[in-house]
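Open the model in your viewer and keep the selection panel at hand. The stops below go from the protein interior to the ligand.

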Amino acid sequence: MSTISENLIHCVKTSIHPPKRLLYGPGPSQVYPRIYSAMAQPIVGHLDPYFFQVSQGVQKGLREVFGTANELTMPISATGSGGMEAAVSNFIEPGTKLALFVGGFFAERIGEMAKRHGAEIVRLEKPWGEAASDDEAAEFIRRERPQVVAFVQAETSTGVFQQSKALCTAAHEVDAIVIADCVTSLGAMPVDVDANGIDVAYSCTQKGLSSPPGLSPMTISPRAQERLRQRKQANRSWYFDLTLIQDYLSVSHRYHHTASATLFYALHESLAIIEEEGLVLRQQRHLRAHQRFVAGIERLGLTMHVAEGHRIWNLNTPRVPDGVNDAKVRAYLLEKHGIEIAGGFGPLAGKIFRIGIMGPLATDDGVDRFLAKFDEAMKESR
Ligand SMILES: *Cc1c(COP(=O)(O)O)cnc(C)c1O
């Protein structure tokens, strides 16, 4: 019989051989091979001039995909939830009034964080799968007169895309700043930070940008920066204090934390891939793949959970048909074909599939091959 320590030695002596997966879930999404090559390059120090050169390139590329001229645009060393916590902790102080649009799991997470930072929260709730209309949004904001508004642009738990121009206009009328969760939309759909009037947006690298997880791109408008300067107390979170991170990445280059050169290389490569294809062309490719997916899934007899016109392009949520066990379908796809998709959770557990068609998989072929395997899995799981 082997002892625990013998097992440990066995573990670390064996090199890893991850299975080859096709990532058709809500994220992480399939990574372009070029990005893995970039990640295999030697690291440099987090204060090396080369690191800041890469960081400058990343900041420039991020302005492009966010659709913004905001000077303060940079990746935070954290996943999407870290970007969320950075947005919440910098712009919410005890007693700050937050108007929160809720219609899914990730909006609830914003609320949970805001509560911990002492926000006074008012909510506009929609059923999971519906967006707030322009009129509802504007009326809610004019009635509540909050200091901060927060919404999820692409609610990955339901498949809803929330339009935000009217929402942002109403927020600015009452002098509120707007925080947008663009975690799933960035890189695959038009986020249009400046055109919409979004003040603070955060995202992640492993969804619409098709890079590995680990960084959270953020952008902050001049209005929001002014709000930061007016804070009465320093951010309770030292790690996510945007003024300190900005100082490290842009201004004095003074040490704040050891940023991962590897993850910056990956994001840089992912932004280079987007620039080469053209951002608009890439977004249109995602829209075409989405339309092809919807047509195909409807031919298989399934219906989409979200009404047309409110759907996220790169994350589809068809309903699970009666008599189908969604866990069995997912297990079959993973075991037989190495394909990952996800199910619903909360009120949508067992009711929807969550199928990401993003990055290198957002092609005619990527959709058709998926649908063929999915059809097979559905038949096997009845
Ligand atoms: C995935 C996701 C998050 C959380 O991101 P992590 O990288 O998992 O921390 C937040 N908001 C939305 C809308 C997401 O889809």
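Contact here means heavy atoms within 4.5 Å. This is a predicted model, in which local features need pLDDT of at least 70 and side-chain atom pairs count only at pLDDT 80 or more, while totals for chains, interfaces and linings use all residues. Residues are numbered from 1 along each chain as its sequence is written, and side-chain values use heavy atoms, with hydrogens and water left out.

Select Leu167 first. Leaving aside residues up to four places away in sequence, Leu167 touches Phe101, Ala137, Ile141, Val149, Phe151 and Val178.

Next, widen the selection to the largest nonpolar core, which has 81 residues. Such a core is a set of buried Ala, Val, Leu, Ile, Met, Phe, Trp, Tyr and Cys residues joined through side-chain atoms within 4.5 Å; buried means under 20% relative accessible area (1.4 Å probe, protein chains only). The members touching the most others include Phe91, Leu167 and Met218. A second, separate core has 25 residues, among them Ala289 and Phe374.

Now select the ligand and the 14 residues around it, each with a heavy atom within 4 Å. Thr79, Ser81, Thr156, Asp181 and Lys207 come nearest.

Then display polar contacts (pairs of N or O atoms within 3.5 Å):

- Ser81: a polar side-chain atom lies 2.6 Å from a ligand oxygen atom.
- Gly80: a backbone N or O atom is 2.9 Å from an oxygen atom of the ligand.
- Asp181: a side-chain N or O atom is 2.7 Å from a nitrogen atom of the ligand.

Methods. Buried means under 20% relative accessible area, exposed over 50%, partly exposed in between (1.4 Å probe, protein chains only). A polar contact is a pair of N or O atoms within 3.5 Å; within protein, one must be able to donate a hydrogen and the other to accept it, and residues adjacent in sequence count only if both atoms are side-chain atoms.
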